[in-house]
Amino acid sequence: MDIKLHTPLTEDKISNLKAGDNILLSGVIYSARDAAHKRLIELLDKGKELPLNIKDETIYYVGPSPAKPGQVIGSAGPTTSYRMDAYAPRLMDLGLKGMIGKGARNEEVIDSIKKNKAVYFGAIGGAAALIGKSIIKSEIIAYEDLGAEAIRRMEVKDMPLVVIIDPQGNNLYDIGQKSYLESVK
């Protein structure tokens with residue numbers, strides 16, 4: 001059964017999510033990859049304001065391809081998340097509640113997810129064109145000079161995701177591996 005979620009992601013909305021849950025996400029999310037994350041942290045280090053209010057927001061680790069005529073956005077598949085691991089805990093401490101990407105996260109990020117009661121969603125790598133169809137509106141709000149890596153405010157409808165790390169720190173990659181190993185004994 002799919003769980004329908006709508007942003008912003010408050011603690012109440014995500015507290016009962018479990019690793020492995022299938023999600024259909026709707027609402028506003030933001031795109032940012034490593035170059036944009038680096039700039040966000042540099043702003044914080046200088047005591048400056050971020051170009052978006054991060055509280056209860058969701059960041060999708062994506063650098064979409066250009067839109068074809070008649071499309072809102074091109075292919076929009078997830079970027080490998082560990083490239084944002086150095087930056088994610090600081091953003092979660094400021095209220096970031098959701099992250100979307102692919103691949104494993106380091107222990108510091110997992111600890112920060114638990115501490116801040118956040119969630120890490122997996123988007124399906126290889127399904128970039130399908131995911132792009134879930135994005136119904138997109139506009140660059142910061143760092144246009146970064147091209148595909150600019151920060152975009154995107155409106156999504158029923159974006160298909162899986163909870164990889166839930167607010168309690170349960171990790172689908174660990175659960176899946178243990179389950180598999182037990183099944184082959």
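Is Asp158 buried, partly exposed or exposed? With a relative accessibility of 25%, Asp158 counts as partly exposed. The legends below take up this residue and several other sites in what is a predicted model.

**View 1. Lys4, Lys157 and Asp158 are joined in a network of salt bridges.** Look here for Asp158 again, the partly exposed residue introduced above. Lys157 pairs with Asp158, and their closest N and O atoms are 3.9 Å apart. Lys4 belongs to the network as well. For the model as a whole, the count of salt bridges comes to eleven.

**View 2. A salt bridge links Arg83 and Asp34.** The closest N and O atoms of this pair are 2.7 Å apart. Arg83 sits in the loop between strand E3 (58–60) and H3, while Asp34 belongs to helix H2, so the bridge ties together parts that are 49 residues apart in sequence. Both partners can be followed towards the surface: Arg83 counts as partly exposed at 30% relative accessibility, and Asp34 counts as partly exposed at 23%.

**View 3. Arg39 and Asp145 meet through their side chains in a salt bridge.** Here the N to O distance is 2.7 Å. Helix H2 carries Arg39, and the loop between strand E6 (135–142) and E7 carries Asp145, so this pair ties together parts that are 106 residues apart in sequence. Arg39 is partly exposed, at 25% relative accessibility. Asp145, at 59%, counts as exposed.

**View 4. Leu91 belongs to the largest nonpolar core, which has 30 residues.** Leu91, Met92, Met99 and Ile151 are the residues with the most contacts inside this core. Two or more residues each come from strand E2 (22–31), helix H2 (34–45), helix H3 (88–93), helix H4 (107–116) and strand E7 (151–165). H2 gives the largest share, five residues. Beyond its neighbours within four places in sequence, Leu91 is in contact with His37, Leu40, Ile41, Leu44, Leu50, Ile54, Ile59 and Leu96. A second, separate core has 22 residues, among them Ile14, Tyr60, Ile100 and Ile135. As background, nonpolar side chains tend to be buried together in soluble globular proteins.

**View 5. The largest pocket has a volume of about 200 Å³.** Its lining is made up of Ser65, Pro66, Lys68, Gln71, Val72, Ile73, Gly74, Ser75, Ala129, Gly132, Lys133 and Ile135. By residue type, this lining divides into five nonpolar, five polar and two charged. Helix H5 (residues 128–134) supplies the largest share, three residues. You may recognise Ile135 from the previous view, where it appeared in the second core.

**View 6. Three loops hold backbone features worth a careful look.** The peptide bond from Thr7 to Pro8 is cis, with omega near 0 degrees. Pro8 lies in the loop between strand E1 (2–6) and helix H1 (11–14). Asp56, in the loop between H2 and E3, has a positive phi, near 65 degrees. Tyr143, in the loop between E6 and E7, also has a positive phi, of about 60 degrees, although it is not a glycine. For context, most residues other than glycine have a negative phi, and most peptide bonds are trans. Where do the two side chains stand in terms of burial? Asp56 counts as buried at 15% relative accessibility, and Tyr143 is buried with a relative accessible area of 17%.

Note on methods
Residues numbered from 1 in each chain as written. Predicted model: local features only at pLDDT ≥ 70, side-chain atom pairs only at ≥ 80, totals over all residues. Heavy atoms only, no water. 1 Å grid on protein atoms, 1.4 Å probe; cavity = no way out; pocket = protein on both sides within 12 Å on 5 of 7 lines; lining within 4 Å. Points joined across faces, edges and corners; volume = space filled by probe spheres on them. Helix = DSSP H or I, 4+ residues; strand = E, 2+ residues; numbered from the N terminus. Nonpolar A, V, L, I, M, F, W, Y, C, P; charged D, E, K, R; others polar. Core = buried A, V, L, I, M, F, W, Y, C linked by side-chain atoms within 4.5 Å. Buried < 20%, exposed > 50% of the residue type's maximum accessible area, 1.4 Å probe, protein only. Contact = heavy atoms within 4.5 Å. Salt bridge = Lys/Arg side-chain N within 4 Å of Asp/Glu carboxyl O.
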